[in-house]
Structures are given as structure tokens and as C-alpha cells.
Amino acid sequence: MVIKPSTCLRNEYNDIAEFCKTENQPVFLTKNGEGDLVVMSMEAYSYREEMLDLCEKLLEAEAQRLSGTKTYSLDEVSKQLEEIINGYN
């Protein structure tokens, strides 16, 4: 974990940006000795958002399963997809 004072953002922006991109790691910034901001690459941020979205969808699906929503086996889904692809229904 890399922790730097917030003044480093102004004075070492290029180094921080390069670190975040090459190491794919965030940099935590402090202000007056307290945690203040997290800086990360756009790529890392996008990936994190995609993973959070996926986790949310998986949790929703699991909640539906636990509440009794009908589920389908892999064979049932494969058969349904085959019928759709071949124009049967």
C-alpha cells in the first residue's frame, strides 16, 4: 500500500500517475495526517466498477434463488438456446 501526503499529488503528479498505471495499484493520499483521497488509473477504476457491477448482479441472482425463483439446469438452458438458434419454439 502506497501512502503519500496530498502535497505529493501536486509535486509528484507524473510519478504517481506512472506508478498507478504501471503497477496497477492505487495511491492513498493524506491531508494533515488523515486519509483523504485514493488515486488510481482509469483502467483500474473501470475494472473495479465492472467487478462491483458483476458482484451486485450475482448477489441479486443468489437472493432470487434463495427466495424460490425457478432455476434452470445447464441442460435445460442448452436445450432452450438450441431451440431458439434452430428456430423452434
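Which side chain meets R65 in a salt bridge? In this predicted model, the partner is E62, with an N to O distance of 2.6 Å. R65 and E62 lie three residues apart in helix α3, and are therefore separated by about one helical turn. Both side chains retain some accessibility. R65 is partly exposed at 44% relative accessibility. E62 is also partly exposed, with a relative accessible area of 34%.

The R65 pair is one of three salt bridges found in a search of the whole structure. Another links K57 to D53, whose closest N and O atoms are 3.2 Å apart. This pair also belongs to helix α3, which covers residues 42–66. Here the spacing is four residues, so about one helical turn separates K57 from D53. K57 counts as exposed, at 51% relative accessibility. D53 counts as partly exposed, at 35%.

K4 and E12 form a further salt bridge. Their closest N and O atoms are 3.4 Å apart. K4 has a relative accessibility of 24% and counts as partly exposed. E12 falls in the partly exposed class as well, with a relative accessible area of 27%.

Attention now turns to the nonpolar interior. The largest nonpolar core has five residues: C8, I16, C20, V27 and L29. Two elements, α2 (13–23) and β2 (27–31), each supply at least two residues of this core. One core member, C20, has contacts with Q25, V27, V39, M40 and S41, leaving aside residues up to four places away in sequence. V27, in this contact list, is itself a member of the core.

The cysteines were then examined for disulfides. The count comes to zero. For C8, the closest cysteine sulfur is that of C20. The two sulfurs are 12 Å apart, which is too far for a bond because a disulfide requires sulfur atoms within 2.5 Å. C8 and C20 thus appear together in the largest nonpolar core, but their sulfur atoms are not within bonding distance. C8 is buried, with a relative accessible area of 11%. C55, by contrast, is partly exposed, at 44% relative accessibility.

Technical notes. Residues numbered from 1 in each chain as written. Predicted model: local features only at pLDDT ≥ 70, side-chain atom pairs only at ≥ 80, totals over all residues. Heavy atoms only, no water. Core = buried A, V, L, I, M, F, W, Y, C linked by side-chain atoms within 4.5 Å. Buried < 20%, exposed > 50% of the residue type's maximum accessible area, 1.4 Å probe, protein only. Contact = heavy atoms within 4.5 Å. Salt bridge = Lys/Arg side-chain N within 4 Å of Asp/Glu carboxyl O.
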